[in-house]
Amino acid sequence: MSKSEIGLIGLGTMGAALASNIADNGFRIAVWNRTTSVTQAFHRDAGTLADRITPTETLEDFVAAIETPRAIIVMVPAGDAVDEQIARLRPLLGDDDLIIDAGNANFHDTNRRAEASGDLPYLGIGVSGGEEGARFGPSIMGGGRKVYWDRVSHVLEKIAADYEGEPCAAWMGEAGAGHFVKAVHNGIEYCDMQLISEAYGVMRDGLAMDATEIATVFDGWNDGVLKSYLIEISGKVAAATDPATGKPMLEVIVDAAGQKGTGRWTVIEAQHLGAPIPGIEAAVVARNLSSRRDERARGEEIFGAAPRRIDRDAIDMDTLERALIAGKILSYAQGFTMIAAASEQFGWKLPLPEIARVWREGCIIRSAMLNDMADALTEDASRNLMFAPYFTRHLEDTHDALRTVVALGATHGIAMPALSSCLAYFDAMRTARGTANMIQGQRDFFGAHGFERIDGGTGQHGPWAMKAQSG
Ligand code: NDP
């Protein structure tokens with residue numbers, strides 16, 4: 001059998017799906033997995049694809065089965081497993097062989113690994129779309145030297161999702177750029193999901209709508225501006241019935257959300273960058289809060305549950321939809337400005353329009369709106385998305401609805417961390433003169449930090465300076 005065009009290590013959920021996708025697209029692929037029985041089972045179950053897949057039992061055989069210069073995808077859990085795998089693989093490879101970490105690495109690790117690789121070819125690529133995406137077309141965000149991306153882009157573009165004929169795979173920049181973009185994608189994903197769950201809360205707790213009615217609302221929204229994978233699956237989740245009890249699935253699912261950490265990485269990085277992403281931060285905080293079930297139950301015992309019930313006349317589904325549209329635009333605006341800040345900080349020149357384009361299909365946040373975002377960023381990538389005429393118009397049409405919903409949440413005790421943070425972001429971003437002059441005054445009073453005067457001059461002090469010193 002002729003040698004494989006590419007190799008893949010790690011036949012777990014994602015690796016197996018990606019390997020099948022690669023074979024399905026006509027490429028010959030060699031595979032290796034730490035546990036050999038998994039490799040054998042994968043090959044045995046590969047059906048018509050088996051001819052294009054070379055299963056191997058040792059790393060030496062695996063390496064020997066791939067055409068040179070080799071390209072090897074590593075799809076193992078992020079962290080130590082990647083370092084261990086690279087350490088075992090490198091000695092078996094030639095200087096021109098390429099290692100591609102396709103897991104969810106922290107981009108700082110990818111920066112470190114790229115640096116440690118020196119002149120040895122290395123790429124870190126973010127792959128989004130879960131198992132189904134990996135199998136039938138993920139969104140791929142590449143990082144590392146462009147020459148190495150170019151070497152494998154024909155494979156990655158072919159296996160990626162496509163949006164109206166354009167592949168959802170692109171090179172983002174050097175070193176950890178691809179994994180950084182993937183992390184922000186996940187941060188935005190957290191916020192999108194939280195915004196939807198808050199809208200669900202208004203329907204369930206505020207308006208006492210049952211799961212079937214809620215599913216119908218989500219289905220309707222999926223025909224409009226909010227059309228997206230997450231709205232679509234929210235409708236399906238709301239419509240599903242638990243086979244064991246016959247109750248709506250949502251009624252039997254515990255209200256504590258899990259997380260693997262990429263949202264948290266985004267928030268930590270935003271703090272390092274000084275990039276304001278309050279909606280995304282609120283979404284990560286909301287997941288942390290959700291896991292404190294006992295404490296929340298104790299709180300309800302002590303303070304009593306908030307009234308929550310909203311008069312049906314106080315809000316209609318159009319208002320709730322418009323509030324969600326505003327929240328979504330504002331959270332993406334935050335995500336893209338964070339990417340722009342990182343691009344400058346790390347000297348990456350991240351291609352913002354391209355990022356919106358590769359997110360249009362294949363990934364969890366795929367949505368109709370991303371196409372409009374790609375257009376807006378193509379017009380001017382340096383401007384906050386809020387100020388792109390298309391999105392300015394949408395915000396003009398929707399910010400009043402966001403305010404109505406957040407106000408109802410406040411008066412009725414329905415927690416809306418993401419919607420209210422997005423509203424605060426909007427209000428802050430439309431306030432030319434904010435209140436940080438007071439903070440500067442306070443800082444100068446207790447710490448003589450100085451301030452800038454509006455009529456000119458930096459390092460100025462207030463009349464309290466002498467008093468503070470003498471006191
Ligand atoms: P799985 O747990 O399903 O599979 C892990 C794979 O890695 C297995 O093949 C396992 O081999 C192998 N492995 C584990 N530890 C080591 C090690 N120390 N050395 C060598 N091989 C090892 O994970 P996933 O496929 O879900 O995830 C893989 C990567 O993809 C992760 O970085 C994840 O964050 C990322 N990812 C996952 C997504 C998802 O939806 N699941 C979406 C996007 C990215 P063995 O059979 O021997 O245990």
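**Note on the domain pair and the ligand site**

1. The C-alpha centres of domain 1 and domain 2 lie 32 Å apart, and the bounds of the two, 6-175 and 183-429 in the protein chain, come from an automatic or database domain assignment. The model is a predicted one, in which local features need pLDDT of at least 70 and side-chain atom pairs count only at pLDDT 80 or more, whereas totals for chains, interfaces and linings use all residues. Residues are numbered from 1 along each chain as its sequence is written, and side-chain values use heavy atoms, with hydrogens and water left out.

2. Contact between the domains (heavy atoms within 4.5 Å) takes 26 residues from domain 1 and 21 residues from domain 2. The buried area, meaning the accessible area (1.4 Å probe) that two parts lose on being put together, summed over both, is about 1,700 Å², with 63% given by carbon and sulfur atoms. On the domain 1 side, Phe-107, Tyr-163 and Met-172 supply 33% of the area buried against domain 2, more than any other three residues.

3. Around the ligand there are 22 residues, the closest being Thr-13, Met-14, Asn-33, Thr-35 and Asn-104, where a residue counts as near if one of its heavy atoms lies within 4 Å. By class, this shell has 9 nonpolar, 9 polar and 4 charged residues.

4. Oxygen atoms of the ligand also pair with the backbone: a polar backbone atom of Thr-13 is 2.9 Å from one, a backbone N or O atom of Gly-12 lies 3.1 Å from one, and for Ala-78 the distance is 3.3 Å. The protein buries 77% of the 900 Å² that the ligand exposes when taken alone, by the Shrake-Rupley method with a 1.4 Å probe.

Terms used. Polar contact = N/O pair within 3.5 Å; in protein donor to acceptor, adjacent residues only side chain to side chain. Nonpolar A, V, L, I, M, F, W, Y, C, P; charged D, E, K, R; others polar.
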